[in-house]
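Me: Please take a close look at the largest pocket of this model, at what lines it, and at the strands that surround the question.

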Amino acid sequence: MTSSSMTWDELSSGPFRIHAVTALNSSVLTQAQSLYGVRSAEFHHWIRSMHSMLVGELSQVGVDYDLIARALVPHSGRREIALLFDWSVASEASNGFYGRYLAETWIPALPRPAHNRGLNAILHGDILEGRGSSLRRALLNDADIETPRSMNADQIYAVYISNLSPTQARALVEAVRPNPAYVGFADCTMHSDLKEHLALSLPQIGLRVGSILLDGVDGEIANPLGYPFEENGFTPVGVWSQLYLPFLTFRINTRLSGRNFSDIDLAIGTLDPHVGAIESPTVWMTDGRFKYLHVRHGGALSLAEFADLDQERLEMTLTEHSADGHMYNLRFERHANTGDEVLMYNSLIEVETSKGLRNFTLALKYDPQSRTSELVTFV
């Protein structure tokens, strides 16, 4: 039975897993939110139907949606790297077609892991947000710049790539460094001022799944910019942009409260159409879970500098952090231990510790009755 032939109740009652959902640049989501309201049964049905349609379309081109999560959400131990170029230098070398010119450098440098299992979101564009002194300061503080004195912060073109191993990240940087337009690179795995500039500036050019490059399109043509993907062994495949933008767009995770709020609002509405006006669910845990965390996950609590918090204070702290975090891996599934059908999600949080920023992941079980989230684990 296809999603188009299912009733709303049939569609909503079945298990699902949505890796991530974002409202960024999605006009169809904006229209649906205006029509239905983001927290309504109609919107919940609509987004579940759109997701089911996407899964079916990907299957037809040989892409298993269940296997692409790493390209869409941050992952422990993986890097997010921004390659930085001077578009003026590149433009002079290419008669103004600097995007294509630079693509001839970075596309061949994309990692080629064993069995062609590479998964990367790729974003690109001029850094337009915050040009001037604030951008220059962010570049100097947060990036590894080759020649800081000669850098023109108003002429920076960036290519942002997710889900790289440390070895892949180093190899990528070394491969593009000889290009005359190369300015430097930034490790954007953790929060920084530069990362916020990039988050507001860069559209996604594609989602690399092995040798396939998924590209959001409104017409029939994938890779409309004509970048040399095919020459380098990749096959561009077009996905209708109304499906691509909400579900296949990598969100550069920042502390921009407006974007975080809209995406958390969308994620909660996807889980529970009756959630009401809460900004984000309250996080709580059983007494047994609190003790379990100290026994089995004491290392993570110590790294976060949460080990000395009592249960009530830990719950409050995790609630605050998850409200400003990245809500992903939304799912309705059968619980492995109890057999109950449960709504689950993960929340990626950044914690400021005495030794710098650290990422942690909360696994949470959402209860539609109380509209709260029970902590399952903290890593």
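Reply: A pocket is here an open set of grid points with protein on both sides within 12 Å along at least five of seven lines, and a residue belongs to its lining if it has an atom within 4 Å of a point. Strands, for their part, are DSSP runs of at least two residues, numbered from the N terminus.

The model is predicted, and its largest pocket has a volume of about 540 Å³. Its lining is made up of 29 residues, and those that lie nearest the centre of the pocket are P74, H75, S76, L348 and T361. Several elements take part, since at least two lining residues come from each of α4 (69–72), β2 (79–86), β11 (326–334), β12 (341–353) and β13 (356–367). Of the elements, β13 gives the most to the lining of this pocket, namely 6 residues. By class, the lining holds 11 nonpolar, 11 polar and 7 charged residues.

The strands β11, β12 and β13, each of which supplies at least two residues of that lining, also follow one another in an open sheet of 6 strands, whose order is β1-β11-β12-β13-β14-β10 and whose pairing is mixed. At the edges of this sheet stand β1 (16–18) and β10 (282–284), each of which pairs on one side only. On average, and with direction ignored, neighbouring strands of the sheet are turned by 30 degrees against each other. Within the sheet, β11 and β12 run antiparallel and are joined by 7 bridges, and E333 stands opposite V342 in β12.

The strand β12 also borders enclosed space, as a look at the cavities shows. The structure holds 3 cavities of 30 Å³ or more, and in the largest cavity lies about 50 Å³ of space. This cavity is lined by I264, S280, P281, S322, A323, M327, Y345 and S347, and the elements that give two or more residues to its lining are α14 (311–323) and β12. Its lining residues divide into 5 nonpolar and 3 polar, with no charged residue, whereas the lining of the largest pocket includes 7 charged residues.

Taken together, β12 therefore supplies at least two residues to the lining of the largest pocket and two or more to that of the largest cavity, and the strand is joined by 7 bridges to β11.

Methods
Residues numbered from 1 in each chain as written. Predicted model: local features only at pLDDT ≥ 70, side-chain atom pairs only at ≥ 80, totals over all residues. Heavy atoms only, no water. 1 Å grid on protein atoms, 1.4 Å probe; cavity = no way out; pocket = protein on both sides within 12 Å on 5 of 7 lines; lining within 4 Å. Points joined across faces, edges and corners; volume = space filled by probe spheres on them. Helix = DSSP H or I, 4+ residues; strand = E, 2+ residues; numbered from the N terminus. Nonpolar A, V, L, I, M, F, W, Y, C, P; charged D, E, K, R; others polar. Pairing = 2+ DSSP bridges. Axes fitted to C-alpha atoms, helices over the stretch in contact; angles between N-to-C directions.
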